4 protein chains.
Amino acid sequence: MFRLQERSATPIYEQIVEQMKALVAKNVMQSGDKVPSVRELSSMLVVNPNTVSKAYQELERQGVIETLRGKGTFIAESVAPPMAEERLMKLKDEMNRIAVEAKHLGLEREEFIEMVKQACEVWWRDDES
Amino acid sequence: MFRLQERSATPIYEQIVEQMKALVAKNVMQSGDKVPSVRELSSMLVVNPNTVSKAYQELERQGVIETLRGKGTFIAESVAPPMAEERLMKLKDEMNRIAVEAKHLGLEREEFIEMVKQACEVWWRDDES
Amino acid sequence: MFRLQERSATPIYEQIVEQMKALVAKNVMQSGDKVPSVRELSSMLVVNPNTVSKAYQELERQGVIETLRGKGTFIAESVAPPMAEERLMKLKDEMNRIAVEAKHLGLEREEFIEMVKQACEVWWRDDES
Amino acid sequence: MFRLQERSATPIYEQIVEQMKALVAKNVMQSGDKVPSVRELSSMLVVNPNTVSKAYQELERQGVIETLRGKGTFIAESVAPPMAEERLMKLKDEMNRIAVEAKHLGLEREEFIEMVKQACEVWWRDDES
DNA sequence: GTGGTCTAGACCACT
DNA sequence: GTGGTCTAGACCACA
């Protein structure tokens with residue numbers, strides 16, 4: 001379910017955040033679903049519980065999960081995501097960074113957009129409607 | 001020419017790398033153009049020379065600039081960019097990460113692609129061909 | 001009568017304490033009124049009886065309710081509230097905390113006081129005297 | 001400068017957050033002032049560096065301080081505070097909680113408001129204009 | 001059982 | 001020197 005890369009430059013807790021968000025985006029996990037407890041996931045991934053905890057706190061700040069006192073942690077309903085404006089601006093920045101890199105790698109505009117469209121297929125599937 | 005944000009989470013040397021690459025992508029700087037020396041740029045940006053040096057090393061590693069002994073540093077000809085495969089894979093990874101974030105922010109597939117296209121306008125302009 | 005938020009950071013038993021105190025402050029419940037038994041309330045709110053029990057213990061400690069052996073639990077007469085001095089000091093502390101936060105949010109002194117006055121309307125109504 | 005209460009129910013890192021915000025509200029610390037480094041403050045307060053770090057990260061999220069890579073941490077310019085709406089709602093909630101407690105302690109409306117005004121004197125002083 | 005807090009001590013990237 | 005990340009292991013409040 002989760003695959004961590006020890007050697008990667010992106011910290012472990014961020015990898016957990018990203019992968020959890022990916023699972024939600026793919027509808028593998030949905031509103032109300034229980035996520036593994038901090039201790040469970042930490043032993044599954046063979047990382048320190050604090051690391052998982054940090055990831056969960058970040059996910060909660062982003063409105064992806066919510067914790068019910070003593071009961072555990074669950075996928076949140078996706079209403080208005082917090083800090084939406086700042087996050088959208090950051091998104092555009094990263095988009096530009098990627099476009100620049102794509103051009104440096106010699107991709108043409110059409111090739112790049114085709115690549116984006118292919119990526120989209122995974123995250124926006126018709127069968128969700 | 002360069003605008004650094006000390007507050008930003010991205011390290012300064014990386015900001016220099018990105019902005020230099022952006023200038024090249026926009027054709028503001030072209031093959032053979034001389035780039036400022038480490039000392040010049042570091043005093044222009046009021047940053048530590050080591051920081052600029054680190055940025056230049058990274059740019060050279062990416063094939064964006066090249067140093068000619070005793071003559072200075074120049075924008076390189078864009079032939080086959082080094083490490084193309086790894087960089088392309090990384091590009092796709094980041095594309096996916098961004099798509100996931102876009103979906104979490106409530107964007108529809110079409111809105112996201114529209115955003116990408118708009119970003120492209122800046123980097124692939126007709127007048128270059 | 002009671003509205004609990006499982007998501008909230010404040011523990012459930014504290015929410016019960018606060019809401020019971022709010023009902024008394026609004027004169028919805030008055031001296032001598034019977035409050036639901038621990039079992040009743042716990043099944044009404046769908047929470048663990050221990051949680052309600054803990055709330056009632058706290059309310060009794062604060063002199064809000066009192067238990068009469070075999071007869072049940074009732075709203076207490078509001079005479080001298082216990083631990084008044086400590087609680088008053090704590091009140092002032094929290095007042096200061098809130099004022100600091102208000103200033104950080106950019107409120108002016110007058111705006112803040114106006115906000116306080118509006119809050120007061122709910123709790124000190126003329127019709128009680 | 002900072003006074004921590006080991007026994008208090010409020011966690012140490014939160015006490016640090018509150019006291020730093022209080023110093024800023026009182027204009028003891030102003031935009032651009034350097035705050036002690038994590039290590040400095042942790043040894044001053046005899047707490048673990050991680051605890052101070054957690055406090056600083058929370059302060060950064062609230063827009064109170066900002067870190068300049070490798071240079072240290074500084075009081076931020078107070079522009080639009082992040083999450084302003086949510087924080088304002090929380091402020092009103094806490095205001096109500098405090099008003100209820102005040103009434104339970106037997107304060108009259110006027111006494112309560114007088115108390116608030118006195119608290120304000122400390123945080124909104126005329127000499128700031 | 002759950003998550004939250006704290007300590008001690010280590011390593012790393014950035015400037 | 002700065003802050004950021006991670007580990008190991010402890011204690012506590014809540015349900």
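Colleague: Contact means heavy atoms within 4.5 Å here, right. With that in hand, through which surface do the copies, chain A and chain B, meet?

Modeller: This is a predicted model, so keep that in mind throughout. The copies meet through the same surface, because 100% of the interface residues of chain B are interface residues in chain A too.

Colleague: Nice. And what turn lays chain B on chain A?

Modeller: A turn of 179 degrees, with a shift of 0.0 Å along the axis, and the RMSD is then 0.3 Å. The two copies are thus related as by a two-fold rotation axis.

Colleague: Let's change topic to the DNA. Which residues come nearest to strand E?

Modeller: There are 25 residues around DNA strand E, and B:Ile12, B:Lys54, D:Ile12, D:Asn48 and D:Thr51 come nearest. Of the strand E atoms that come within 4 Å of the protein, 66% are sugar and phosphate.

Colleague: Which part of strand E lies 2.6 Å from a polar side-chain atom of D:Thr51?

Modeller: A phosphate oxygen. D:Lys54 also places a polar side-chain atom 2.8 Å from a phosphate oxygen of that strand. With D:Asn50, an N or O atom of the side chain is 2.7 Å from a base nitrogen of strand E.

Colleague: Which elements give two or more residues to that surface?

Modeller: From chain A, helix H2 (38-45), helix H3 (49-61) and strand E3 (72-75) do. In chain B and also in chain D, helix H1 (12-25) and helix H3 (49-61) do.

Colleague: How many polar residues does the surface near strand E have?

Modeller: Twelve polar residues, along with eight nonpolar and five charged ones.

Colleague: OK, over to strand F. How many residues surround it, and which are the closest?

Modeller: DNA strand F has 24 residues around it, with A:Ile12, A:Asn48, A:Thr51, C:Ile12 and C:Lys54 the closest. Sugar or phosphate makes up 67% of the strand F atoms within 4 Å of the protein, and bases make up the rest. By class, this surface has eight nonpolar, eleven polar and five charged residues.

Colleague: What does the side chain of A:Asn48 lie 2.7 Å from on strand F?

Modeller: A base nitrogen, counting from a polar atom of that side chain. A:Tyr13 has a polar side-chain atom 3.0 Å from a phosphate oxygen of strand F, while an N or O atom in the side chain of A:Arg69 is 3.4 Å from a sugar or linking oxygen.

Colleague: Chain A comes up a lot. What does UniProt annotate over residues 10-78?

Modeller: An unreviewed UniProt entry gives "domain: HTH gntR-type" for residues 10-78 of chain A. That stretch is 51% helix and 14% strand in the model, and its end C-alpha atoms are 26 Å apart.

Colleague: One more, D:Trp124. Is this residue buried or exposed?

Modeller: D:Trp124 is buried, since its relative accessible area is 7% and the cut-off for buried is under 20%. In chain D, D:Trp124 lies in the segment after helix H5 (109-123).

Colleague: And which residues is D:Trp124 in contact with, leaving aside sequence neighbours within four places?

Modeller: The contacts are in chain C: C:Ala99, C:Ala102, C:Lys103, C:Leu107, C:Glu108, C:Arg109 and C:Phe112. With C:Leu107, the backbone oxygen lies 3.1 Å from a polar atom of the D:Trp124 side chain. Within chain D, D:Trp124 and D:Asn27 are 97 residues apart in sequence, yet their C-alpha atoms are 9.9 Å apart.

Terms used:
Residues are numbered from 1 along each chain as its sequence is written. Chains are lettered from A and ligands numbered from 1 in the order in which they are written. This is a predicted model: local features need pLDDT of at least 70, side-chain atom pairs count only at pLDDT 80 or more; totals for chains, interfaces and linings use all residues. Side-chain values use heavy atoms; hydrogens and water are left out. Helices (H or I, at least four residues) and strands (E, at least two) are DSSP runs, numbered from the N terminus. Buried means under 20% relative accessible area, exposed over 50%, partly exposed in between (1.4 Å probe, protein chains only). A polar contact is a pair of N or O atoms within 3.5 Å; within protein, one must be able to donate a hydrogen and the other to accept it, and residues adjacent in sequence count only if both atoms are side-chain atoms. A residue is near a molecule or strand if one of its heavy atoms lies within 4 Å of it. Ala, Val, Leu, Ile, Met, Phe, Trp, Tyr, Cys and Pro count as nonpolar, Asp, Glu, Lys and Arg as charged, and the others, Gly among them, as polar. UniProt positions are given in the numbering used here, feature names are shortened, and annotations may be inferred rather than shown by experiment. Copies are superposed by least squares on the C-alpha atoms of residues with pLDDT of at least 70 in both.
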